[in-house]
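Visitor: Hi, can you walk me through this protein? Keep it simple, please.
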Amino acid sequence: MRLAQLLDERLLDTIPQGGSGPWTPHQPIDPSPAAAAAQVAELDQQFSALLPCRTNDPELWFAEHTAQVEQAKALCRSCPLQAGCLAGALDRQEPWGVWGGEVFVDGKVVARKRGRGRPRKSETAAA
């Protein structure tokens, strides 16, 4: 059976609905502001555990060394908020750092951050 057929309203009316009645939450929600703030804080803490920029050293995203910047970019690739982070950084024209898996220098995205000082002789100069 196709999914479109299952979602058709005519078929939904003919499918027997199981259960003992309407769904009710297992734990009633406390409407007090203090309880709501505690629930929001708990959810924020759980969600922050999923974000690499919250669980690793924050200095990594603003590092000077190319290897550390590449490590921060790699960590960003696993982040669920990567697209939103990048869009926000572009809107704010972030002056520098790794945002959304991209490197910002002077408010613009660059492909690769070059270290301080002169480039090595082994590196080819960009013409």
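Guide: Let's go from the overall layout to one helix and then to the cysteines. One note before we start: this is a predicted model.

Visitor: Okay. How many helices and strands does the protein chain have?
Guide: The protein chain has six helices and three strands.

Visitor: And in what order do the elements run from the N terminus?
Guide: They run α-α-α-α-α-α-β-β-β. Helices come before strands in that order.

Visitor: What share of the residues is buried?
Guide: Buried residues make up 17% of the 127 residues in the protein chain.

Visitor: What about the surface? Which atoms supply 57% of what the chain exposes?
Guide: Carbon and sulfur atoms do. The exposed area of the protein chain is about 10500 Å².

Visitor: Let's zoom in. Which residues in α5 are buried?
Guide: Val69, Ala72, Lys73 and Cys76 are buried there. Seen down the axis of α5, its buried residues fall within an arc of 100°, so they line one face of the helix.

Visitor: What do the buried residues of α5 pack against?
Guide: They pack against α6 (82-92), β1 (96-99) and β2 (102-105).

Visitor: Back to Lys73. Where is that one?
Guide: Lys73 sits in helix α5, which covers residues 66-76. The relative accessible area of Lys73 is 8%. Buried means under 20%, so Lys73 counts as buried.

Visitor: What is Lys73 in contact with, leaving aside neighbours within four places in sequence?
Guide: Lys73 is in contact with Val98, Gly101, Val103 and Ala111.

Visitor: Are those far along the chain? I mean, what share of the contacts between residues at least 6 apart joins residues at least 24 apart?
Guide: For the protein chain, that share is 40%.

Visitor: New topic. How many disulfides are there?
Guide: The count comes to zero disulfides. Cys76 is in none, and the nearest cysteine sulfur is that of Cys85.

Visitor: Remind me, what is a disulfide?
Guide: A disulfide is a covalent bond between the sulfur atoms of two cysteines.

Visitor: So why is there no bond between Cys76 and Cys85?
Guide: The sulfur of Cys85 is 6.2 Å from the sulfur of Cys76, which is too far for a bond. The cut-off for a disulfide is within 2.5 Å.

Visitor: Is Cys76 buried or exposed? And what about Cys85?
Guide: Cys76 is buried, with a relative accessible area of 9%. Cys85 is partly exposed, at 28%.

Technical notes:
Residues are numbered from 1 along each chain as its sequence is written. This is a predicted model: local features need pLDDT of at least 70, side-chain atom pairs count only at pLDDT 80 or more; totals for chains, interfaces and linings use all residues. Side-chain values use heavy atoms; hydrogens and water are left out. Helices (H or I, at least four residues) and strands (E, at least two) are DSSP runs, numbered from the N terminus. Buried means under 20% relative accessible area, exposed over 50%, partly exposed in between (1.4 Å probe, protein chains only). Contact means heavy atoms within 4.5 Å. Accessible areas come from the Shrake-Rupley method with a 1.4 Å probe; for residues, only the protein chains shown count as cover. The arc is that of the directions from the helix axis to the C-beta atoms.
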